[in-house]
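Please find below my notes on the model, set out as numbered points. They begin with the chain as a whole and then turn to its cores and aromatic rings.

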Amino acid sequence: MWIYEAKALPAKKRYFCEIYLDKTLYGRTSVKLRADLLFWGEFFDFPDVPGATTITVNVYREADKKKKRDKHVLVGTVAIPIEKVTARTFTEDWYQIVMEKHDNIMKSSSKEPTPTLRIKCRYQSIDILPLEAYHEFQGFLKENYKKVCEVIEPVIGVKAKEDIGQSLVLLMHSQRMAAAFLSDVVALDLLRVDDQRLTFRGNSLATKSMEAFLKLIGEQYLQDTLSVPIAEIIASDRDCEVDPTKVNGSLSRQQQALRKAVKAVWIAIAESSRMFPVQLRDCFAVFRERLQDLNREDMADNLISASIFLRFLCPAILSPSLFNITNELPSARATRNLTLVAKTLQTLANFTRFQGKENFMEFLNDFLEQEAPRMKQFLYDISCTDCGSEDNFLDWSGCIDQGKQLSILHSLLSEIVQKLSAEKQREIYPLPAILESITQAKESNCTNGASVENLDNDSRKSPYTHSRETFFAKNIGAGHEQPLGAAVSSPFSDRDLTIFKYGERTADTQHHLLTSKRSHSSNGSLHYSTGASNASLVTNSKQLNGVPDSSGISPATTSKTSFSHTQQQHSGSTRMNIGGSTSLRTYSSSGVTLGGAMNNNMTTNSLRSEKDKTNNVQGD
């Protein structure tokens, strides 16, 4: 969910927003002064909350700190029914702020514009079968992912590439196959582009997969490396503008300021190779090995620099709030300074020089020439498994919910395969039949009669309760339960398949969670990440901290709500039925956005939720 900006509220006042799912408070924006604009641009991700029917955003005027008795005033409210934001893509709109009658800061006049709030959000509900039901599907993907990517790449859009790339790389990482997978899809990319210097500069499956892997593995490294130098640039009042058409002060002084800022960030990066995540180091080492086998070792530095700088470090410098390096959006001046720093470091990583349209940056060419050997050494160090490194990073491969990723892939590939020609379907045989069998298994499980809340203790202790989800692949209507038809024949019908709402755990697992050393903000709690906010709120501690009931099952983990994934949306939290030896588990998710912040890195929080879900189990 993104909360962007508000219009037509009284000027010279300070405002903030609070986000509720039904009547429970889950998030709060930072406080902003209404000047020419009232802009937040803050992102929220709620990946593990009970099903909701309404998203409510309350807009408050901050209390005047000079007046001791002054209190926050509720200005108005925006209410968004869940069924209005269940499409596959995000829904963005200007929503009217329904003003409070007692609010004395608004003068009622028909001539005044109606206050509105720009919000972008999405709610998703995913149902996941037991992992046993995906066994054949998972085996096929592990053996044939390269062929599948080759066949579907030309016929899918950017959003599908992002979804499939993310789920595939997470699934392969859970199987310790991420390095091989990424090197194979990158090789496919190299064969498709005429100019191999353009690798990772387009929206391919390889690009989206690499981005997802970098965000999953490299988040801690990114923050440890860049947080200090970026904070210094933002806090400083220096002006690094060097374009003569935009300079207001001394050009030479501002050129020196930019050079100093670039050096500070570059030194932090160059000295970070010992902290570089082992999983990414192994991946880049495989890239080098593959290129050596192809007698193209000369491409290794460009390929690795495109991966780490073009798709990770430089975007984080450009938009630190989207990578959780800073809490709030930088000022306009700081944003421009960061843009020039990122531009310089990307040019260094490309082993090129400033010229032509960017001739005003040519004064930095001596820096680029001087630091080129150091850049080559850095790229070698982060792709060398023999180089000494500090392994301070947890291995998240065991924390990835394979059932969830397989369910997402099943839903997306089922839709894509139907659009392929018969010849192309034969190339990936027997994938169409495998996908259809899973679809039938889901439909069969959805036809049982007992409600999930009526499970007895024995069925709650099914061996599948610890990590099973099901993606409900069809639209269930706007806020209504889908009528269930007759049972469908399925190859899994003779097995003990138990499908639970996402997040249910066995008593043993729950005990482990409660006794772990470190608690994290997911799986029964609120995970909140924002590009421009400074607060993460939890007001219902029993619900959000996953306090177990007498059966050992946390009441907060019967379903999930998150806005971060891009899979097919459903209206509300789906209540599935269970009977006999089968049951269904649902993952529901919602997201909201306010403001105009860039959204090209929205999956950052989604990936973090993968780590958060089982961080409690791992402890310190």
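1. The secondary structure of this chain, in what is a predicted model, comes to 16 helices and 13 strands. Of the 620 residues in the chain, 58% are buried, and the accessible surface amounts to about 25,900 Å², with carbon and sulfur atoms accounting for 48% of that area.

2. On the contacts within the chain, if one takes those between residues at least 6 apart in sequence, 81% of them join residues that are at least 24 apart.

3. The largest nonpolar core contains 112 residues, and within this core Phe137 and Phe309 are the residues with the most contacts. Helix H4, which spans residues 205–235, supplies the largest share of the core, namely 13 residues. At least three residues of the core come from each of domain 1 (2–103 + 112–121) and domain 2 (193–388).

4. The surroundings of Phe309 deserve a separate entry. When neighbours within four places in sequence are left aside, Phe309 is in contact with Trp266, Ile269, Cys314, Pro315, Leu345, Gln346, Ala349, Met375, Phe378 and Leu379. A second core, separate from the largest one, has 29 residues, including Leu21, Val49, Val59 and Val75.

5. Turning to the aromatic rings, a search of the whole structure finds 12 pairs. One of the pairs is formed by Tyr26 and Phe46, whose ring centres are 5.7 Å apart and whose planes make an angle of 45°, a tilted arrangement. This pair links distant parts of the chain, since Tyr26 belongs to strand E3 (residues 24–28) and Phe46 to strand E5 (residues 38–46), with their positions 20 residues apart in sequence. Both Tyr26 and Phe46 are buried.

6. Why is the pair of Phe44 and Phe46 tilted? The ring centres of Phe44 and Phe46 are 6.2 Å apart and their planes stand at 40°, so the pair counts as tilted, because that class takes in angles that are neither under 30 degrees nor over 60. Phe44 has 0% relative accessibility and therefore counts as buried, and Phe46, also at 0%, counts as buried on these grounds too.

7. Elsewhere, Tyr221, Phe276, Phe284 and Phe287 form one aromatic cluster. There are also charged groups over rings: the charged end of Lys120 sits over the ring of Phe90, 5.6 Å from its centre, while Lys376 lies over the face of Phe351, at 4.8 Å from the ring centre.

Conventions
Residues are numbered from 1 along each chain as its sequence is written. This is a predicted model: local features need pLDDT of at least 70, side-chain atom pairs count only at pLDDT 80 or more; totals for chains, interfaces and linings use all residues. Side-chain values use heavy atoms; hydrogens and water are left out. Helices (H or I, at least four residues) and strands (E, at least two) are DSSP runs, numbered from the N terminus. Buried means under 20% relative accessible area, exposed over 50%, partly exposed in between (1.4 Å probe, protein chains only). Contact means heavy atoms within 4.5 Å. Accessible areas come from the Shrake-Rupley method with a 1.4 Å probe; for residues, only the protein chains shown count as cover. A nonpolar core is a set of buried Ala, Val, Leu, Ile, Met, Phe, Trp, Tyr and Cys residues joined through side-chain atoms within 4.5 Å. Domain bounds come from an automatic or database domain assignment. Rings of Phe, Tyr and Trp (its six-membered ring) pair if their centres lie within 6.5 Å; planes under 30 degrees apart count as stacked, over 60 as edge-to-face and the rest as tilted. A charge sits over a ring if NZ of Lys or CZ of Arg is within 6 Å of the ring centre and within 35 degrees of the ring normal.
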